[in-house]
Amino acid sequence: RSLGSSNDFISFKLDIDSPDIEMLIAMQLLEDIELLSLVDEFFFELHFRCEIMTSCGWGKRVPYESHGLLLDRPHVLKYFIELRQRGVRAHIW
C-alpha cells in the first residue's frame, strides 16, 4: 500500500508454493477493498484439487478447503470471476 497508488499500474504475481500462505494472501485481496483497488492485474498459481495438480505431484498436499474457499474447479473459477467482476484482471495457471 505504501509503494503504489490507484494511479499506478500494479501487477501482482502470487506463486510461493505454500498453499496455506498463498490462500491467506489471495483471500485478503478479495476481502480488502482498499487493497483490491490497488491491483490491476493478478497472476496466481493456485493449487487446487484437479487432475492436473494431482498428476504433477501436488495430489493430497492440496486440502479440500482453505480460508473459506473450496479448492475444487467450480469454486476456484468463481473466485477468479469475482475478482474480474471487481475490476482486477485475474489469471490462473
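Me: At 26% relative accessibility, does glutamate 82 count as buried, exposed or partly exposed, and which of these words fits?

Reply: Welcome! This is a predicted model, and glutamate 82 has a relative accessibility of 26% in it. Buried would need a value under 20% and exposed one over 50%. Because 26% meets neither condition, glutamate 82 counts as partly exposed.

Me: Which side chain meets that of glutamate 82 in a salt bridge?

Reply: The partner is partly exposed, with a relative accessible area of 41%. The N to O distance of this salt bridge is 2.7 Å, and the residue that meets glutamate 82 is arginine 86.

Me: How many salt bridges does the structure hold?

Reply: One of them pairs arginine 86 with glutamate 82. Another joins the side chains of glutamate 41 and arginine 89, at 3.8 Å from N to O. For the structure, the number of salt bridges is two.

Me: How many residues apart in sequence are the parts that glutamate 41 and arginine 89 tie together?

Reply: Glutamate 41 belongs to strand S2, residues 41-44, while arginine 89 belongs to strand S5, residues 89-92. The pair therefore ties together parts whose separation in sequence, in residues, is 48.

Me: Is glutamate 41 buried or exposed?

Reply: Its salt-bridge partner, arginine 89, is partly exposed at 44% relative accessibility. Glutamate 41 itself has a relative accessible area of 15%. Since the cut-off for the lowest class is under 20%, glutamate 41 is buried.

Me: Which residues of H4 do Ala26, Met27, Leu29 and Leu30 in H1 meet?

Reply: Helix H1 covers residues 19-31 and helix H4 covers residues 73-85, and their axes come within 10 Å. By class, their contact has six nonpolar, no polar and one charged residues. On the H4 side, the residues met are Tyr79, Glu82 and Leu83.

Me: How is H1 placed relative to H4: parallel, perpendicular or oblique?

Reply: The two helix axes cross at roughly 40°. H1 passes H4 in a left-handed crossing. The crossing angle makes the placement of H1 relative to H4 oblique.

Me: In what order do the elements of the chain run from the N terminus on?

Reply: The chain has four helices and five strands. From the N terminus on, their order is β-α-α-β-α-β-β-α-β.

Me: What share of the residues of the chain count as buried?

Reply: Serine 66, in strand S3 (residues 65-66), is one example, as it is buried with a relative accessible area of 5%. The chain has 93 residues, and the share that count as buried is 38%.

Me: Leaving aside its neighbours within four places in sequence, which residues is serine 66 in contact with?

Reply: Serine 66 sits in strand S3. With neighbours within four places set aside, its contacts are Pro19, Asp20, Met23 and Leu71.

Me: What is the phi of aspartate 17, roughly?

Reply: Most residues other than glycine have a negative phi. Aspartate 17 has a positive value although it is not a glycine. This residue lies in the loop between strand S1 (11-14) and H1, and it is partly exposed at 42%. Its phi is near 55°.

Me: Where is histidine 67 found?

Reply: Histidine 67 also has a positive phi, about 50°, without being a glycine. It is partly exposed, with a relative accessible area of 33%. Its place is the loop between S3 and strand S4 (69-70).

Note on methods
Residues numbered from 1 in each chain as written. Predicted model: local features only at pLDDT ≥ 70, side-chain atom pairs only at ≥ 80, totals over all residues. Heavy atoms only, no water. Axes fitted to C-alpha atoms, helices over the stretch in contact; angles between N-to-C directions. Parallel < 35°, antiparallel > 145°, perpendicular 65-115°, else oblique. Left-handed = near helix turned anticlockwise from the far one by under 90°. Contact = heavy atoms within 4.5 Å. Nonpolar A, V, L, I, M, F, W, Y, C, P; charged D, E, K, R; others polar. Salt bridge = Lys/Arg side-chain N within 4 Å of Asp/Glu carboxyl O. Buried < 20%, exposed > 50% of the residue type's maximum accessible area, 1.4 Å probe, protein only.
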